[in-house]
Amino acid sequence: MTHRSDATSPASGPAALGRRPFLGALAASALAGLPAAGQAQQPAQPRRGGTLNFLSVPEAATIVSIDNTFGFPQKVGTKVVEGLLSYDFALRPQPSLATAWRVSPDGLQYTFELRRGVKWHDGQPFTSADVAYSLLTLKELHPRGRATFANLAEVRTPDSYTAVLVLGRPAPFLLTALASSESPIVPAHLYRGTDARTNPWNQKPVGTGPFVFKEWVRGSHIILERNPDYWVPGKPYLDRIIVRIITEPAARAAAFEAGQLDLGGDTPVPAADLARLTALPQLASTTQGYEYVGNLSQFEFNLQTPQLAHAKVRRAIAHAVDSTALVKLAWYGYGQPSPTPISPVLKAYHDASIAPHAHDLPLAERLLDEAGYPRGADGRRFALRLIFNPFYYEGNRRTTEYLRQSLQRIGIDATIASHDFGSFVKAAYTDRSFDISVNNLNNNFDPTVGVQRIYWSKNIKAGLGFSNASHYANPEVDRLLEQAAVEPDPARRRELFVQFQRIVDEDLPVVNLVAFQPVTLYHRKVRGHTVGANGVNDSFADLWLER
């Protein structure tokens with residue numbers, strides 16, 4: 001298979017509609033009558049100049065996602081550091097730092113022709129050595145990259161503009177894994193010989209992208225300025241991006257209303273405020289641009305907690321939760337119940353025959369009794385510690401509050417520990433100071449990339465964020481996931497993933513709850529902000545301001 005193109009990705013397309021998850025009645029009413037992505041009314045000629053006030057929270061310790069899946073670097077760093085490919089709304093690959101690619105018939109070699117004349121922001125040339133370093137580093141350090149590039153044996157660089165990925169076994173998903181947010185290409189001359197996790201250039205990135213890093217004032221803002229030497233002539237259109245860091249949801253809503261913010265993704269304001277804000281003449285919203293992520297709300301059991309090591313206790317807790325109510329109460333109707341680890345967004349692999357656990361409090365009580373945890377004289381059985389990911393979504397906090405109330409109804413005394421984002425990551429993946437962790441973990445564009453990391457026993461690694469927090473280990477699950485990762489036949493691959501979903505539904509290390517739909521909020525003057533499946537995680541080279 002060979003592909004060669006220098007065309008840019010289309011701004012919209014009907015194929016995008018088929019990848020979008022169901023919106024509940026509340027979501028549909030909130031978005032009724034609004035344009036899909038603010039592109040349809042766009043004049044033929046974009047205007048040059050201006051400053052975009054772009055919201056991105058929560059703040060992370062880095063701007064580069066070479067070793068992490070944090071949303072902050074995926075939104076900010078992608079304006080500076082690029083990937084080999086980008087993707088249209090149907091997840092078809094488009095050229096970026098690679099202009100052409102071909103795959104060998106046996107699926108074991110991917111040859112990329114790299115864009116010539118591209119320079120890093122410090123003036124050094126971009127070459128195949130940068131690609132080799134970056135992909136091999138992702139294989140070692142990145143929570144999803146460890147699975148994505150598990151079969152990558154070597155990266156050959158026969159010349160400065162050719163990179164050949166040599167695989168030990170096939171990786172049928174690889175061509176969809178090379179976006180800047182997922183697999184960033186960093187400058188080897190600034191990283192080689194260092195620990196990429198602590199490299200200072202993660203905080204002041206040097207990239208090939210349309211914007212150049214200027215400054216980062218922690219807790220306040222980041223300034224990115226136009227790259228006058230960008231490899232796309234005439235782009236970017238903006239003079240500057242100011243990334244605003246506003247931690248309080250109500251303050252973000254007020255800033256949009258006052259015109260202090262122009263654009264924000266991942267439902268940047270409380271969902272309860274969306275209908276009111278989008279009724280204002282200057283603001284609009286879209287649910288496009290999330291085809292690349294596949295959001296899923298879930299809670300993870302710490303299987304080292306004695307009570308939670310018992311399967312009947314885990315099943316009792318699942319029966320105490322009403323996922324249909326959660327769609328309304330925690331996510332304001334933006335989503336649908338999804339009990340499987342593979343969300344309905346990934347239709348090719350989702351097992352629709354698996355039903356949500358029935359909301360059945362008497363059954364939950366009986367299972368706890370059978371597990372050897374009867375109510376005591378005070379009506380309590382035992383206590384659990386709950387934590388939640390504060391990352392973007394207020395729905396995680398509301399889900400945790402609902403879970404606490406549900407546990408109390410069946411005699412489990414639950415307490416909630418609130419953390420900022422960094423403290424949550426440390427509590428969940430380093431200290432393991434939790435019993436149940438409420439999280440949102442993206443399926444992404446393929447189960448091997450987005451789902452395997454949560455259930456694969458080889459992804460149990462202290463400090464590795466957004467990996468196997470439960471410490472779940474099942475050799476048969478490992479076998480199925482590893483086989484699916486290399487299976488080229490789509491039908492056979494689906495069957496492997498179906499078997500995996502059914503085993504996990506029985507073992508229940510994680511309770512999957514809701515496939516929720518994020519929303520991008522924007523000022524109507526902002527054009528070209530959602531031009532592909534990665535939405536606001538793209539480079540903003542095409543974004544411009546109407547005046």
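Start in the middle of this predicted model by selecting Phe 112 and Ile 317: of the 154 residues in the largest nonpolar core, these two touch the most other members. Now colour the two domains, domain 1 (51-290 + 520-545) and domain 2 (295-516), and you'll see that this core takes at least three residues from each.

Next, zoom in on Phe 112 and show what surrounds it. Ignoring neighbours within four places in sequence, Phe 112 has contacts that include Leu 84, Leu 85, Trp 101, Tyr 161, Leu 175 and Leu 178. Ala 98, Ala 100, Thr 162, Ala 163 and Leu 165 are also in contact with Phe 112.

Now select helix α3, residues 128-141. Try a distance between its end C-alpha atoms: they are 20 Å apart, which agrees with the 20 Å that 14 residues should span at 1.5 Å a residue. Is α3 mostly covered or mostly open? Mostly covered, with 10 of its 14 residues buried. Among the buried ones are Asp 130, Tyr 133, Leu 135, Leu 138 and Leu 141. To see what does the covering, switch on β6 (109-114), α4 (145-148), β7 (152-159), β8 (162-167) and α5 (188-191), which are all part of it.

Last stop: the largest pocket, with about 900 Å³ of space. Select Ala 60, Phe 70, Phe 421, Gly 422 and Val 425, the closest to its centre of the 39 lining residues. Helix α3 turns up again here, since α3, α6 (249-258), α11 (394-409) and α12 (421-431) each give two or more residues to the lining. Finish on α12, whose 5 residues make up the largest share of that lining.

Technical notes. Residues numbered from 1 in each chain as written. Predicted model: local features only at pLDDT ≥ 70, side-chain atom pairs only at ≥ 80, totals over all residues. Heavy atoms only, no water. Core = buried A, V, L, I, M, F, W, Y, C linked by side-chain atoms within 4.5 Å. Buried < 20%, exposed > 50% of the residue type's maximum accessible area, 1.4 Å probe, protein only. Domains from an automatic or database assignment. Contact = heavy atoms within 4.5 Å. Helix = DSSP H or I, 4+ residues; strand = E, 2+ residues; numbered from the N terminus. Expected span 1.5 Å × (residues − 1). 1 Å grid on protein atoms, 1.4 Å probe; cavity = no way out; pocket = protein on both sides within 12 Å on 5 of 7 lines; lining within 4 Å. Points joined across faces, edges and corners; volume = space filled by probe spheres on them.
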